[in-house]
Amino acid sequence: MTAQILANEDSLLDEKILSELVDLVGEESMARMLQVFLTELKERLAILNEIYLWINKESEGYDKSDGSKHRNIDFKEIEIQAHTLKSCAGSFGASALFEAVKQLENAAKSEDLAFVIENILKVEKFGQLSKESLKQRFMMSK
Amino acid sequence: MNAKGVFSALIIEDSMSLGALYTEYLRAEKASVTHVNYGSDALNELKQWQPDILVLDIQLPDMSGMDILAYVREYYPDITVIMITAHATVDLAVDAMKAGAFDFLIKPFDAKRLSFIVRNALKQRQLANLVSKYENSLSKDHYMGFIGDSIAMQAVYRIIGNVANSKASVFIMGESGTGKEVCAEAIHQVGNRQSEAFVALNCASIPKDLIESEIFGHTKGAFTGAVSNREGAATRSHKGTLFLDEICEMDLALQSKLLRFIQTGSFQRVGGVKEEVVDVRFVSATNRIIWEEVKAGRFREDLFYRLHVIPIDLPPLRDRGRDIDLLSNKFLQEYNKEEDKSFTGFSPEVENIFEHYSWPGNVRQLQNVIRQMIVLNKSDLIDVDMLPAELMQMRQEIAGNNIKPLNQDSKKNHNDSNISLFSSDNVPRKLQDEKDIMPLWLSEKQTIEEAIAVCGGNVPKAATLLEISASTIYRKKQAWEEFENKPCNPSL
């Protein structure tokens with residue numbers, strides 16, 4: 001799993017998508033759009049983080065691999081957040097984040113708690129990394 | 001889309017960043033873009049304005065994109081809808097295409113893909129507009145049961161096309177035989193209620209005591225003879241069209257019930273207590289001058305304003321120019337086939353007479369005249385000696401170079417003809433003076449009596465040619481006799 005994460009880190013951003021976007025809308029608009037994306041990313045990661053904290057609280061003393069014991073966990077909300085983030089990440093060239101939220105969406109759909117926890121962490125990690133990377137690439141100079 | 005290629009687009013996408021991205025994509029295609037996050041916001045926007053293109057996410061926080069698609073297809077069918085979906089909902093996207101979406105995009109998609117679909121959509125819209133303009137610019141020689149390409153009829157076709165999809169009440173006026181029921185059916189068939197019922201009710205042909213039950217239905221035991229519950233025209237025309245012909249014949253008491261029904265959309269069956277609510281489009285017609293009826297107090301003014309929202313004035317045949325030729329030839333072909341005859345056309349003299357005759361019975365009279373000539377004769381050409389008496393009068397006028405435009409008075413000689421269906425004094429003409437007006441029943445009486453005479457006293461044959469039942473003739477004959485004994489209006 002660690003090897004896979006590292007591999008994803010290597011391809012954090014999809015340069016082809018980003019170049020096409022810049023060609024289409026220009027640097028200035030690109031920076032503006034990315035600002036909207038990063039704000040939305042922050043909001044959705046915060047929701048996922050809250051759910052993650054809730055999961056930890058709910059699952060104290062339980063075997064996290066046993067999904068049946070965690071009926072209070074809002075898998076549907078996780079799925080919705082992951083679903084939307086997936087489209088956003090894919091559209092803005094955040095390819096590693098895209099892969100992570102895709103996994104999270106699948107985990108939430110199958111209500112696999114262990115897989116959900118693992119992927120929420122991955123999403124959080126790649127979310128932050130993508131944010132820094134995009135900021136550096138497009139917005140630091142502003 | 002305007003002349004500079006700028007088109008309007010509404011994006012419904014709950015993600016702010018994706019909305020911003022799609023906005024940029026569409027701006028690159030010269031779109032003027034509005035982005036909303038919620039389905040409810042989109043519905044509010046659509047009430048204010050309608051975009052050329054709607055980019056719609058299937059999954060929205062407050063409602064399904066499919067519901068919005070259905071709403072748009074029903075109320076704004078001209079909007080081109082492009083659906084956006086993720087892999088997980090491809091099945092839904094296919095359903096969306098079936099439900100009338102133009103195309104769909106799977107997220108994430110790039111600008112090129114959206115551009116390709118938008119350009120296709122715009123091209124299709126342009127073509128559709130072009131076809132529609134082209135169709136509208138062509139004069140039609142037939143339209144939904146009507147035949148004729150005169151300017152007067154083109155105007156009627158245009159009104160029918162424009163009002164068909166509206167729920168506004170239509171009021172059709174026109175002389176007898178101008179096609180009022182054809183017009184009502186055309187409105188129903190062209191409009192978005194075509195798959196539902198068209199219910200026609202002739203207010204003059206139903207006894208006054210029964211008409212309320214005919215319209216609203218009745219419950220079992222409501223009156224003598226009401227042996228079971230019965231649906232009325234109002235119930236049967238739910239979601240469809242209710243055509244009330246000869247509306248001026250409706251008595252005042254029932255007019256007030258009809259008014260309430262139109263105002264509220266609800267009614268009670270005769271003898272019933274339950275309110276029924278229906279969605280009905282009203283089309284009414286009369287051959288009377290409706291405003292005169294209102295002024296005389298025979299027709300409620302408030303009902304008049306409810307029904308007379310979109311007036312359609314059907315032109316009399318004499319004002320329809322070349323349509324007389326088109327109609328004559330159509331009827332000739334039709335009756336040739338029905339009567340197993342082989343007429344190929346009309347002599348120039350007959351055509352000339354047709355053109356100048358005033359056709360008081362309009363298209364129905366033209367039908368009857370042609371059928372009569374075809375039934376009673378055997379030849380390849382309809383010639384002048386086959387003409388019925390009322391048209392022979394016109395021949396004599398032409399021979400004497402006495403043809404006057406139809407809007408001028410044409411006094412006739414009493415001795416011109418003794419076989420005319422109309423006595424010579426009653427050849428239809430433009431009325432100039434009150435003394436020129438003859439009672440309708442009298443001209444009807446003369447028409448019927450002459451038809452019987454032409455048929456050698458054979459009442460059933462005369463009735464067939466007059467397109468009425470023999471019993472109607474007998475009933476009318478009785479009424480005339482009564483009228484001759486005591487002066488009262490014998491109209492039936």
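## Helices in chain A and a helix pair in chain B

Chain A has five helices and zero strands, where helices (H or I, at least four residues) and strands (E, at least two) are DSSP runs numbered from the N terminus. This is a predicted model, in which local features need pLDDT of at least 70, side-chain atom pairs count only at pLDDT 80 or more, and totals for chains, interfaces and linings use all residues. Residues are numbered from 1 along each chain as its sequence is written, while chains are lettered from A and ligands numbered from 1 in the order in which they are written.

From the N terminus on, chain A reads α-α-α-α-α. Of its 142 residues, 35% are buried (20 or more other C-beta atoms within 10 Å of the residue's own, with C-beta atoms placed from the backbone). Among contacts in chain A with a separation of 6 or more, 68% join residues 24 or more positions apart; a contact means C-beta atoms, placed from the backbone, within 7 Å.

Now to chain B and how it meets chain A. The contact between them draws 14 residues from chain B and 15 residues from chain A. On the chain B side, helix H1 (residues 16–27) gives the most, with six residues.

Here are the classes on that side and in the contact of H17(B) with H18(B). Ala, Val, Leu, Ile, Met, Phe, Trp, Tyr, Cys and Pro count as nonpolar, Asp, Glu, Lys and Arg as charged, and the others, Gly among them, as polar.

| Residue set | Nonpolar | Polar | Charged |
|---|---|---|---|
| Side of chain B that touches chain A | eight residues | two residues | four residues |
| Contact of H17(B) with H18(B) | seven residues | no residues | no residues |

Conventions:
A residue is buried if 20 or more other C-beta atoms lie within 10 Å of its own, exposed if 12 or fewer, and partly exposed in between; C-beta atoms are placed from the backbone. Two residues are in contact if their C-beta atoms, placed from the backbone, lie within 7 Å.
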